[in-house]
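Reader: I have a chain to look over. Could you take me through it in questions and answers?

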Amino acid sequence: MITRSKLVEQLRDSQIRSQHKWSPLVIFSPKPNLSTWVDVAVAILWATLFVVLVTSSYMTLYFRHFWLSFAIICLGILIPIRLRISRQTIARKKDRRLLLPLSM
């Protein structure tokens, strides 16, 4: 017989498995969870842009353009920071939506 606790446990297990499927890409995702293929594609796009910026900063260091390399490194640092801020704001909005007024 299927009980409610078994269903809850199965749901929790499936949610944990789905969250860890793309866990390395969560750093480059603007959303807290990668639930659709579009989210994964956006995360791959941001990761590719980050790798291109790191590679170009190394190339500019090799050619001794230090100020240009510094600017590119700053852009590369700002990408994950900005994505983390957007994940936090989305999570805060989601938490606010889940809070119901006492009258309901």
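The exchange below covers the fold, the surface and one loop residue of this predicted model.

Reader: In what order do the elements of the chain run from the N terminus on?

Author: The model is predicted, and its secondary structure comes to three helices and zero strands. Read from the N terminus, the order is therefore written with helix symbols, since helices and strands are the elements that are numbered. The order is α-α-α.

Reader: What share of the residues of the chain count as buried?

Author: A residue counts as buried when its relative accessible area is under 20%. The chain has 104 residues, and the share of them that meets this is 17%.

Reader: How much of the exposed area do carbon and sulfur atoms supply?

Author: The chain exposes about 8900 Å². Of that area, the part supplied by carbon and sulfur atoms is 69%.

Reader: Which residues gather in a patch of positive charge on the surface?

Author: Lys and Arg count as positive. One member of the patch, Lys93, lies in helix H3, which covers residues 66-98. The patch consists of Arg92, Lys93, Lys94, Arg96 and Arg97.

Reader: Where does Arg64 lie, and is this residue buried or exposed?

Author: Arg64 lies in the loop between helix H2 (37-62) and H3. Its relative accessible area is 65%. Because the cut-off for exposed is over 50%, Arg64 is exposed.

Reader: What is the phi of Arg64?

Author: Most residues other than glycine have a negative phi. Arg64 is a residue other than glycine, yet its phi is positive. The value is near 65 degrees.

Terms used: Residues are numbered from 1 along each chain as its sequence is written. This is a predicted model: local features need pLDDT of at least 70, side-chain atom pairs count only at pLDDT 80 or more; totals for chains, interfaces and linings use all residues. Side-chain values use heavy atoms; hydrogens and water are left out. Helices (H or I, at least four residues) and strands (E, at least two) are DSSP runs, numbered from the N terminus. Buried means under 20% relative accessible area, exposed over 50%, partly exposed in between (1.4 Å probe, protein chains only). Accessible areas come from the Shrake-Rupley method with a 1.4 Å probe; for residues, only the protein chains shown count as cover. Patches are made of residues with over 30% relative accessible area and no salt bridge: like charges are joined within 9 Å, nonpolar side chains (Val, Leu, Ile, Met, Phe, Trp, Tyr) within 5 Å. A salt bridge is a side-chain nitrogen of Lys or Arg within 4 Å of a carboxyl oxygen of Asp or Glu. The place of a charge is taken as NZ of Lys, CZ of Arg, CG of Asp or CD of Glu.
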